[in-house]
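Trainee: I'd like to go through this one label by label and ask what earns each of them. Can we start with accessibility?

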Amino acid sequence: MKKVITAFFGLLVLIALVFGAYHFISPKVVVTNNSSVSYDEFVLRLPSSGVSFGPIEPGSKDTIYISRQAQGGALTYSLRLDGNELAAGSMPFDVEGQLFRVLSFVINEDGSVSAKTN
């Protein structure tokens, strides 16, 4: 019986390690709203998929984990409020080195968006 309990807890630890590794290894998108305005939606289009954040509250920081992209190309983003596009931009997306990648977008006080990849 002691071996069964030890094996069960060992399995639980292994599962926790896998989920923890997924958290750090998977590419992710982080949107930070440093403004005092609530926005309806932030849309990000990757070469072979896309994600949408919304609503985006003032002072919030949200994270979405994304799948690895099969192809490179342009990444585009837009910030929307009341059906209008307030800010938009694009940047190149390279398929190399996607593990541990963080795509960071900061909504500034004036409604502009700053983007960076690390």
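Trainee: Why is Phe-100 called exposed?

Mentor: Its relative accessible area is 54%. With a 1.4 Å probe and protein chains only, buried means under 20%, exposed over 50%, and partly exposed in between. So Phe-100, at 54%, lands in the exposed class. Keep in mind that this is a predicted model, where local features need pLDDT of at least 70, side-chain atom pairs count only at pLDDT 80 or more, and totals for chains, interfaces and linings use all residues. Residues are numbered from 1 along each chain as its sequence is written, and side-chain values use heavy atoms, with hydrogens and water left out.

Trainee: Where does Phe-100 sit, and what is its phi?

Mentor: Phe-100 is in the loop between S6 and S7. Its phi is near 70°, a positive value in a residue other than glycine. Asp-82 is another non-glycine residue with positive phi, near 55°, and its place is the loop between S5 and S6.

Trainee: What makes Asp-82 count as exposed?

Mentor: Asp-82 has 63% relative accessibility, so it passes the exposed cut-off. Asp-110 does too, at 64%; that one is in the loop between S7 and strand S8 (113-117).

Trainee: How do you know what counts as a helix or a strand here?

Mentor: They are DSSP runs numbered from the N terminus: H or I over at least four residues for a helix, E over at least two for a strand. Helix H1, for example, covers residues 2-25.

Trainee: And Tyr-65, which class does that get?

Mentor: Partly exposed, because 28% falls between the two cut-offs. Tyr-65 is in strand S4. Leaving out neighbours within four places in sequence, Tyr-65 is in contact (heavy atoms within 4.5 Å) with Tyr-22, His-23, Ser-26, Pro-27 and Lys-28.

Trainee: Ser-26 is on that list. Is Ser-26 buried or exposed?

Mentor: Buried, since its relative accessible area is 8%, below the buried cut-off. Ser-26 lies in the loop between H1 and S1 and touches Tyr-65 and Arg-101, again ignoring residues up to four places away.

Trainee: Lys-61 is in strand S4 as well. What makes it exposed, and what does it touch?

Mentor: Lys-61 has a relative accessible area of 60%, so it is exposed. Beyond its neighbours within four places in sequence, it still contacts Val-30, Val-31 and Thr-32.

Trainee: Now the inside. What makes a set of residues a nonpolar core?

Mentor: The members are buried Ala, Val, Leu, Ile, Met, Phe, Trp, Tyr and Cys residues joined through side-chain atoms within 4.5 Å. The largest one here has 20 residues, and Phe-42, Leu-44, Leu-75, Leu-103 and Phe-105 have the most contacts inside it. Strands S1 (28-33), S2 (41-45), S3 (50-53), S5 (73-81), S6 (84-93) and S7 (102-107) each give two or more residues to it. Phe-105's contacts away from its sequence neighbours include Val-30, Phe-42, Leu-44, Leu-75 and Tyr-77.

Trainee: Why is the Phe-42 and Tyr-77 pair called stacked?

Mentor: Phe, Tyr and Trp rings (for Trp, the six-membered one) pair if their centres lie within 6.5 Å; planes under 30 degrees apart are stacked, over 60 edge-to-face, the rest tilted. Here the centres are 6.0 Å apart with 20° between the planes, so the rings pair and count as stacked. The partners are 35 residues apart, Phe-42 in strand S2 and Tyr-77 in strand S5, and both are buried. Together with Phe-53 and Phe-105 they form one aromatic cluster, and the structure holds 5 aromatic pairs.

Trainee: Which peptide bond is cis?

Mentor: The one from Gly-54 to Pro-55, with omega near -15°. Pro-55 is in the loop between S3 and strand S4 (61-65).

Trainee: Last one: why is Val-18 called exposed?

Mentor: Val-18 has a relative accessible area of 52%, so it clears the exposed cut-off. Val-18 is found in helix H1.
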